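Could you walk me through this model in my viewer, one selection at a time? I would like to know what to pick next and what I will find there.

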Amino acid sequence: MVKQSTEEMNELIHQRLRAYNRQYWRCLRDYNFHIEKNGELIAGIVAGSSFETLEIEFLFVEEQYRKQGYGHALLRHVEELAKANGLKHVFSTRISFRHRVFMKKRATGSCLSLKTLSGNIANTFLGRTYD
């Protein structure tokens, strides 16, 4: 019987999928980090690598801490680690109502843009190659 998954079940599914994939893709690695202030989570990034590419899945900064450099610090950290580990590319998606200018400034190219997902919301796949 198919059931709605909880957050805990989603995490278990992701863990099992990553474990399975690692049998075939030895280069898989997680790049998940966060920033706390006074013991509270204020920003986080979820990313992973496969082959020579870092894929940024999620980047989040609490509203009151935006435009203070926390997102840039997280991206800079994972990109430096990725380059040190021999990765050559970074890939992310940008949905129009989220981090509009922020991610676009870091990309060197748009791979694909879906102009309308719903109403006036668009999705753009961004890419960058390291020197």
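## A tour by selection

Start with Lys-67, which lies in the loop between strand 4 and helix 2. This is a predicted model, so keep the confidence colouring within reach. Check the backbone of Lys-67: its phi is near 65°, a positive value in a residue other than glycine. Most residues other than glycine have a negative phi. Lys-67 is also exposed, with a relative accessible area of 89%.

Next, select Asn-38, in the loop between strand 2 and strand 3. Here phi is near 55°, again positive in a residue other than glycine. With a relative accessible area of 76%, Asn-38 counts as exposed.

Now zoom out and show the cartoon. You should find three helices and seven strands, arranged along the sequence as α-β-β-β-β-α-β-α-β-β. Colour by pLDDT: the mean for the protein is 79, and 70% of the residues reach 70 or more. Where does confidence peak, and where is it lowest? Strand 2 (residues 33-37) is highest, at a mean of 96, while strand 6 (residues 109-118) is lowest, at 50.

Then hide the surface and look for the largest nonpolar core, which has 18 residues. Select Tyr-31, Ala-43, Ile-45, Leu-54, Ile-56 and Tyr-70, the members that touch the most others. Strand 3, strand 4 and helix 2 (70-84) each supply at least two residues of this core, and helix 2 gives the most, with five. In soluble globular proteins, nonpolar side chains tend to be buried together.

Stay with strand 3 and pick Ser-49. Is Ser-49 buried or exposed? Its relative accessibility is 5%, under the 20% cut-off, so Ser-49 counts as buried. Leaving aside residues up to four places away in sequence, Ser-49 touches Cys-27, Leu-28, Arg-29, Tyr-31, Leu-54 and Leu-87. Two of these names, Tyr-31 and Leu-54, may be familiar from the core selection.

For the next stop, turn the surface back on and select Phe-51, in the loop between strand 3 (40-50) and strand 4 (53-61). Together with Leu-17, Tyr-20, Tyr-24 and Trp-25, Phe-51 forms a nonpolar surface patch with about 580 Å² of accessible area.

Finish with the whole chain selected. Its accessible surface comes to about 9400 Å², with 53% belonging to carbon and sulfur atoms. Buried residues make up 29% of the 131 residues. If you draw a contact map, look far from the diagonal: among contacts with a separation of 6 or more, 47% join residues 24 or more positions apart.

Note on methods. Residues are numbered from 1 along each chain as its sequence is written. This is a predicted model: local features need pLDDT of at least 70, side-chain atom pairs count only at pLDDT 80 or more; totals for chains, interfaces and linings use all residues. Side-chain values use heavy atoms; hydrogens and water are left out. Patches are made of residues with over 30% relative accessible area and no salt bridge: like charges are joined within 9 Å, nonpolar side chains (Val, Leu, Ile, Met, Phe, Trp, Tyr) within 5 Å. Accessible areas come from the Shrake-Rupley method with a 1.4 Å probe; for residues, only the protein chains shown count as cover. A salt bridge is a side-chain nitrogen of Lys or Arg within 4 Å of a carboxyl oxygen of Asp or Glu. Helices (H or I, at least four residues) and strands (E, at least two) are DSSP runs, numbered from the N terminus. pLDDT is the predictor's confidence in each residue, from 0 to 100. Buried means under 20% relative accessible area, exposed over 50%, partly exposed in between (1.4 Å probe, protein chains only). Contact means heavy atoms within 4.5 Å. A nonpolar core is a set of buried Ala, Val, Leu, Ile, Met, Phe, Trp, Tyr and Cys residues joined through side-chain atoms within 4.5 Å.
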